[in-house]
Structures are given as C-alpha cells and as structure tokens.
Amino acid sequence: MTVLSGAGMSAESGVPTFRDVETGLWAKVDPYEISSSDGWRRHPEKVWAWYLWRHYMMKAVDPNDGHRAVAAWQDGAEVHVVTQNVDDLHERAGSARVHHVHGSLFSFRCDRCDVPYVGPLPPMPEPVETVDPPRCACGGLIRPDVVWFGEPLPSEEWDRSVEAVSRADVAIVVGTSAVVYPAAGLPEMALAEGIPVIEVNPEETPLSDRVTISLRETSATALPGLLQRLPALLG
Ligand code: APR
C-alpha cells in the first residue's frame, strides 16, 4: 500500500493546513515571502523564525488516529508513506517507510555549502517575527531542509516515492488539495498504471472525480476502519 499524505493528515493533531482559509497557515503569512528562496534571500531572519516556530510547535502536538492507522497497516502489508508534510508525525506513530518529498522541519543545512547542520537551535519560548539564523563555518546561513516554491524536490526521496507508487496494489491519497506539482502528479501516475486510488478528504479536490473512490471523510475517522472497507469499496 502507498499512502500519499498532505497537511490534512495532521489537521486533527492540531496542525493548521496551508490552504484552509480560516485556519490555514498561509492565511497569516504571505507564502511567497516565507516559503521561497527569494524570500530567504531578502529576509532570512523572518523565514528562519517561521520555520523554527513550526519546528518547536511540532513537539507540542501528537500523531492522531489517522497516523496510527497507517502505521498499524504495516502489520499485514508493505506500506510506504509519501508525504508532502514536513512534520514527523507519521514516524512518531510508527511508520517505517516515510518519504518526505517537501523536506522536513527536523533537518537543517547550510545555504552555501549544503553541509547538514546539527548544532544547537536558537530557543523560541513564543513565536517571534524574526530570529537570526545560525551561521555555518563557511560563512553561509543555516536554512531549514524544506523544499521552497520553485526549488527542486530531493531526488532520492522523489525516486523512492515514484517507485512506491508504481509498485502499489492500492494508493490512498489523504488530506491534500492536490494542486501542488510534482507531488500532485503521483496519484495521477497510479491511476495511469491502473492502480486503484482512494481519496480521503472532507472537501472535494481536482482529484475527486478521477480517483477510484473519493471518501468525504476526515483522515482520523476514515483511516482506522478503511482496510475492512476496502473489499466493499473496491468491489
Ligand atoms: N482530514 C483529511 N483531509 C483534511 C482534513 C482532515 N481532518 N482537514 C483538511 N483536510 C484537507 C483539506 O480539505 C485540503 O484539501 O486537507 C487538504 C489540505 O490542503 P493544503 O492545505 O493545500 O495542504 P497540502 O495539499 O499538503 O499542500 C501541499 O503546498 O504549500 C505547499 O509545500 C506546501 O506541502 C505543501 C503543499
């Protein structure tokens, strides 16, 4: 099984999604300003503060029943998780094969020499507008290992994700608005290869009328019982 998850997977853990207007993270910040290499060049201290806050915020939230269901599926099947999320909730729930196509809030690197940064992070007792990023020995700035708009996806994670999709007996797309490519192309790849695709999303998406089954349900309610429903759903 291959699970393709987006921000909606973590919504029931209390992590705001990107595009749900009333709560979406983007509602409060200009995405281009915060999540782009251009924004990083112009004001790294703002970008650093926003990612650092999300890094610390992740320690205050827990995986939900949806993450736990996906981890439990490993007992009887080979399960790959391809996630657009930069949180570590799938791993904390026990999923072993997680591919982060948009990077992670838990790894950092130098923006000049690319060397991974494992040094101390500035403390952040409460969200602040700006924090100066640590510096690398080479003089570069330490940046989050997250994929910004316009940047290439990590090639190894992408290759593993494409393989996980093409080898799947079933793909389950959870909690993504399916509008950001190339990640949004993965469910289309599965459909093109005749692999059944089940979507779990309380809202309709551009995928909804193309997938095998589209469940208008949330991940934490739909995923725990989904395996038992598969035979009836797939007929
Ligand atoms: N269960 C399942 N789906 C949910 C839930 C829930 N409890 N709550 C919200 N959703 C759905 C919303 O209906 C929406 O379709 O999750 C989706 C979240 O969409 P986005 O906020 O666009 O998040 P995502 O699809 O992951 O964004 C993709 O865009 O901004 C970039 O890099 C960022 O990885 C992100 C990418």
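Here is a short conversation about the ligand site and some loops of a predicted model.

User: What should I know about this model before we start?
Analyst: It is predicted, so local features need pLDDT of at least 70 and side-chain atom pairs count only at pLDDT 80 or more, while totals for chains, interfaces and linings use all residues. Residues are numbered from 1 along each chain as its sequence is written, and side-chain values use heavy atoms, with hydrogens and water left out.

User: Which residues come nearest to the ligand, and what makes a residue "near"?
Analyst: A residue is near if one of its heavy atoms lies within 4 Å of the molecule. There are 22 residues around the ligand, and Ala 7, Arg 19, Thr 176, Ser 177 and Asn 201 come nearest.

User: What classes make up that shell?
Analyst: The shell has seven nonpolar, eleven polar and four charged residues. Here Ala, Val, Leu, Ile, Met, Phe, Trp, Tyr, Cys and Pro count as nonpolar, Asp, Glu, Lys and Arg as charged, and the others, Gly among them, as polar.

User: Why is the pair between His 102 and the ligand called a polar contact?
Analyst: The term needs a pair of N or O atoms within 3.5 Å; within protein, one must be able to donate a hydrogen and the other to accept it, and residues adjacent in sequence count only if both atoms are side-chain atoms. An N or O atom in the side chain of His 102 is 2.8 Å from an oxygen atom of the ligand, so the pair qualifies. Glu 12 qualifies too, because a polar atom of its side chain lies 2.9 Å from a ligand nitrogen atom. For Gly 8, a polar backbone atom is 3.4 Å from a nitrogen atom of the ligand.

User: How much of the ligand does the protein cover?
Analyst: On its own the ligand has 730 Å² of accessible area, and the protein covers 93% of that. Such areas come from the Shrake-Rupley method with a 1.4 Å probe; for residues, only the protein chains shown count as cover.

User: Where does the ligand sit?
Analyst: The ligand is in the largest pocket. "Sits in" asks that more than half of a molecule's atoms lie within 2 Å of the grid points of a cavity or pocket.

User: What does UniProt say about Cys 110, Cys 113, Cys 136 and Cys 138?
Analyst: An unreviewed UniProt entry lists these four under "binding site". They span 29 residues in sequence, yet no two of their C-alpha atoms are more than 8.6 Å apart, so they gather at one spot. UniProt positions follow the numbering used here, feature names are shortened, and annotations may be inferred rather than shown by experiment.

User: Where are Cys 110 and Tyr 51 found?
Analyst: Cys 110 is in strand 4, and Tyr 51 is in helix 4 (residues 44–59). Helices (H or I, at least four residues) and strands (E, at least two) are DSSP runs, numbered from the N terminus.

User: What makes the bond between Tyr 181 and Pro 182 stand out?
Analyst: That peptide bond is cis, with omega about 5°. Pro 182 belongs to the loop between strand 7 (171–174) and helix 8 (185–192).

User: What is phi at Ala 178 and Asp 114?
Analyst: Ala 178 has phi near 55°, a positive value in a residue other than glycine, and its place is in the loop between strand 7 and helix 8. Phi of Asp 114 is near 70°, also positive, and Asp 114 is in the loop between strand 4 (103–110) and strand 5 (116–117).

Terms used:
1 Å grid on protein atoms, 1.4 Å probe; cavity = no way out; pocket = protein on both sides within 12 Å on 5 of 7 lines; lining within 4 Å.
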